[in-house]
Amino acid sequence: MTILNVRDYGARGDGSADDTAAIQRAIDDASDGDTVYVPAGTYVLDRHAGEGIIVYDGDDHASPLTIEGDGPETVLKMQGGQSDTYRMIRHLRPRGNEVLLRNMVFDGNKSEHPSVSGTAVEYRSTDASGTGDMRVEDVEIRDCASNGMIIQYGGVTAERVTVHGCHGHGIAVHTDSSGHNDPPATLRRIHSYENAENGGRYAVDMSGGKGIIEDSVIGESVNGGGTKVSRGAIKMEYHRVQITSSPSHAFQNTGGGNGVHVVFDDVVFEECGRNVRLDDDGRYEIPDGSALIATGFYGDDRGQIHLLDDATLDAGGGTIYSNHAGDGAAGLNSETSFDSAIGAYYHSQNDGGSIENQRNLKIGTQGERDKRSLATVPTADEVGAWTDGSREETEGENGEESWSEPTEPDEKTAFESWTPRWEAADGDWRIVSGSGYEGEHALEFEHDGSERTRYAISWDAVGEPSDVEVLDKFRVPEFNEDDALGFHGRVHLRSSIDGGQEGGYWIETEARENAFRLGKYTDGDLTTLGRFGTPAENTFFYRRFRAEGETLRAKVWEVTEAEPAGWDIEVTDGDHSEGWVGLGSFGTEAVETDVLSVGIDGETAPGPFSDVSRPPSLSWETPDDGATADGAVSIAIDVTHANEASPTVEYRVDDGTWSSASYESGSRYVDTWNTTTVRDGSHTLEARVVDGDATVTESIEVTVENGVIVGSKRARSATEDGVTLVGELIAIGTLDDVSCYFEWRTTGSDSWNVAGATTKGSTGEFEAELDGLEAKTDYEFRAVADGSQEHGRTISFRTSANGVEGRGLSIDRFDVNDRSDSTRSWFNIQWAVSDDDGELDTVVTELRYGGTTVAADSTRVSGETASFSHDLRVCGDVDEARLSVNDTSNETRTETKPL
């Protein structure tokens, strides 16, 4: 088991040297079990007179053998200027050989020889006396002058292959060429696109023998079609395949009397120029439980799905969806001479109606349903070379009332049990996320346009019950209050369509009447059965809507209220006895549905769900995890799904004492954290909610970077010749100790004096005594600390007359916390004041803009000290906050802070 590097055989991989012979020598030299390794590089291949290019011959070469590259970086490129047919690599005479070709790119370089027929990979039928185990994995094929890959005998498996830019077929399966059809050629997780530049070619041609294509996306042909079978085909199977966006036939049989058996097991045909043509004497099967979708075709008026000639459609246990056919085409047209059957046929918005002809075709269930995708069918990003193939699987619920941690839904899977009805389309509905929703997700309707009409979507898992009760939790974020508009947010039951005419019962929010309306459609005509209640925009309501026999009952209440014992409205009407259950709207504006539950056969719809036992949800809103903080930091904690009306919400720093967060609004709890109470560095903020017996915690890491901060506090006990200065070391940064002192001077002087130097190893106040001052003189001082980028604010004081002690009125704290949002300016001002004479009187806080006060608050105070906080809010801009304090002698201190 040797690795043979083609570089050791003379290959250069430099994009210019001819490496054909070197690569062939490595293959020729390989023994059983060896690997021919083609490292990263561009290897030019050239066809020499009378020779192939790279050849693997089952008679002459090793088995098993692996030919392997380095992925997209290994490129085998055809030399330009070819004048004769070429195959870049050809596999001949299989004798049960095992050959794996993987992890490389084949570049046909067609622009350099546009008139030559050239294929990248060929499994050739010449002298084939059997099949083998021939595999292609993680290979990209591009820009071939003819086909990308040709398979002419069975036992070949191509998996995770991307083919694009080829003039002919992307991949062609013709195992009938050799007569060795078993096991069938298998194409798995193929992505074939932008091929078939020749109008008679296809993304994948399944023309002969036996073949299987599964979990693949093919189409987007340039001039050709999606896929076809032909005269030599025996059995071709399509499992979980999407065929898309090709100008010619999505599928057709060009054989003429071959009796081919074709299986369509979860297949989606979309937006092709011509129809799905099931013709000749083929047998076309949709297995039990499987589906075929055809949608959005154009340019063919003979039916989006056309069954004709002596064809047979065996789909008695399957389902067909055909919708959005253009150019006058019906969804389905049966002109076959043989008996055929479809278990269920659903249709929507086809130009030529649902069915043009129904010759020899039996249909079990038929109705209106707009489905354009299947959860089992992959998308383009899930297939092709170097994809991992992982796809989410989901399981149904057991029906018990329970709760589990919400996960982000896959819209394709989420809508598998839902069908747009009447005038609605898939794009009118989407999943939205938010912590305020049950399960943190909701179904939102909003139509991108201005046309008011009958939009609806059915919940297919419920079926079409008769006696039924529906409970939904919904809100309309914003009403349309135009007199002719304002019809929002319907919930439906016993609904249907017959001959293009809508039927069923519904409740809606009718903004223009300031009421909820119970209405019905019968043969498309609207009747109002009654109005009740008072709606409100941007408010969640519960609706309980029940149909039992000919009795209809309904009630609506806000989710913050208890469910009323009685019904708001009760009417009798016998127009509709059964039908689908769902949601809808007549207006185009947004509607959010958070909860929908259904009870059938006399059962009560489960809910409201406030009694469901589940833990509350807790998350940090601010600060962010990993944030850097300084000064006063706003704490905001989001709590949802609490069972108690007033859960306890707290936070702490580094396993310290718990501090309470106060309820603000919605699910938000707030407080302010003074980061100067801890040293600089990383700290753990832990939040918890205590909700009955449940306690939930959530922690984040925050880095504090205050540095050294010092503040001037006050001048105390001023006499005719002395005073006590008070400062505060607010934050110590990362230092073990800090040198602190005061600078002071006579007001108006140019130079400062220094006093009271001290060393502090922790935060807190420090003092200095000044003496030798002049009586009745104005002074000022400020606190200073080594390492601080700013000194404390400058505070003024006045010495007294001889024998009289000064008053010492002071502002000791002035902190402004910004809580503004997009709608208003909001500031929380925390303050503390003092007066050594015990004559405090009034504190005033102001928000100012352009020198004008735009918001203010005041508090009467007394004694020596006082502290409090003011919340000031204003709709508009502010640029300054101001704090003032006066005493009973009307002495005043004022400070301002820019915002």
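**Note on the predicted model: strands, cores and aromatic contacts**

1. Tyr-849 faces Thr-852 of strand S61. This detail belongs to a predicted model, and it introduces the pairing between S60 and strand S61 (residues 852-860), which is antiparallel and runs over eight bridges. The two strands make a hairpin with two residues between them, and Gly-850 in the turn has a positive phi of about 65°.

2. Strand S60 also pairs with a further strand. Eight bridges connect S60 with strand S63 (residues 880-887), again in the antiparallel sense. Within this pairing, Thr-842 has Asn-886 of S63 as its bridge partner. Is strand S60 enclosed by the rest of the structure or open to its surroundings, and why? Eight of the 10 residues of S60 (residues 840-849) are buried, so the strand is largely enclosed by the rest of the structure.

3. A separate point concerns an open sheet of four strands, in the order S54-S53-S56-S57, paired antiparallel. Its edges are formed by strand S54 (753-760) and strand S57 (795-798), each of which pairs on one side only. From one strand to the next, the twist averages 25°. Strand S53 (residues 738-746) and strand S56 (residues 778-785) run antiparallel and are joined by seven bridges; in this pairing, Val-784 of S56 is the bridge partner of Tyr-741.

4. One aromatic cluster should be read alongside that sheet. Its members are Phe-742, Trp-744, Phe-766, Tyr-779, Phe-781 and Phe-797. For orientation, strand S53 covers residues 738-746 and strand S56 covers residues 778-785, while the edge strand S57 spans 795-798.

5. Another open sheet of four strands has the order S42-S44-S48-S47, also with antiparallel pairing. Strand S42 (617-622) and strand S47 (662-665) are the edge strands, and each pairs on one side only. Here the twist averages 35° from one strand to the next. Five bridges link S42 to strand S44 (residues 632-640), with the two running antiparallel. Among the paired residues, Ser-617 has Thr-640 of S44 as its bridge partner.

6. The model contains 26 aromatic pairs. In one of them, the ring centres of Tyr-437 and Phe-540 lie 6.3 Å apart with the planes at 85°, so the pair is edge-to-face. Tyr-437 is in the loop between strand S29 (429-433) and strand S30 (441-445), whereas Phe-540 is in the loop between strand S36 (525-532) and strand S37 (541-548); the pair therefore ties together parts that are 103 residues apart in sequence. Both partners are buried: Tyr-437 has a relative accessible area of 7%, and Phe-540 has one of 12%.

7. A further aromatic pair is made by Phe-445 and Tyr-455, whose ring centres are 5.4 Å apart and whose planes meet at 45°, so the pair is tilted. Phe-445 belongs to strand S30 and Tyr-455 to strand S31 (residues 455-459), so parts that are 10 residues apart in sequence are tied together. Phe-445 and Tyr-455 are both buried.

8. Where is Ala-590 found? Ala-590 is in the loop between strand S40 (580-585) and strand S41 (591-600), and this residue is buried, with a relative accessible area of 13%. Leaving aside neighbours within four places in sequence, Ala-590 is in contact with Glu-444, Phe-445, Glu-446, Val-476 and Pro-477. The C-alpha atoms of Ala-590 and Glu-444 are 6.7 Å apart, although the two residues are 146 positions apart in sequence.

9. Two arginine residues are placed over tyrosine rings. The charged end of Arg-369 sits over the ring of Tyr-346, 4.0 Å from the ring centre. Similarly, the charged end of Arg-454 sits over the ring of Tyr-521, at 3.7 Å from its centre.

10. The largest nonpolar core has 89 residues, of which Phe-106, Ile-141, Leu-187, Tyr-238, Phe-251, Phe-264 and Phe-269 touch the most other members. Not counting residues up to four places away in sequence, Leu-187 touches Ile-151, Ala-158, Ile-171, Val-173, Val-204, Met-206, Ile-212, Ile-213, Glu-214 and Ser-216. Apart from the largest core lies another, of 34 residues, including Phe-445, Val-468, Val-470 and Tyr-505. In soluble globular proteins, nonpolar side chains tend to be buried together.

How values were computed. Residues numbered from 1 in each chain as written. Predicted model: local features only at pLDDT ≥ 70, side-chain atom pairs only at ≥ 80, totals over all residues. Heavy atoms only, no water. Phe/Tyr/Trp six-rings, centres within 6.5 Å; stacked < 30°, edge-to-face > 60°. Buried < 20%, exposed > 50% of the residue type's maximum accessible area, 1.4 Å probe, protein only. Lys NZ or Arg CZ within 6 Å of the ring centre and 35° of its normal. Contact = heavy atoms within 4.5 Å. Pairing = 2+ DSSP bridges. Axes fitted to C-alpha atoms, helices over the stretch in contact; angles between N-to-C directions. Core = buried A, V, L, I, M, F, W, Y, C linked by side-chain atoms within 4.5 Å.
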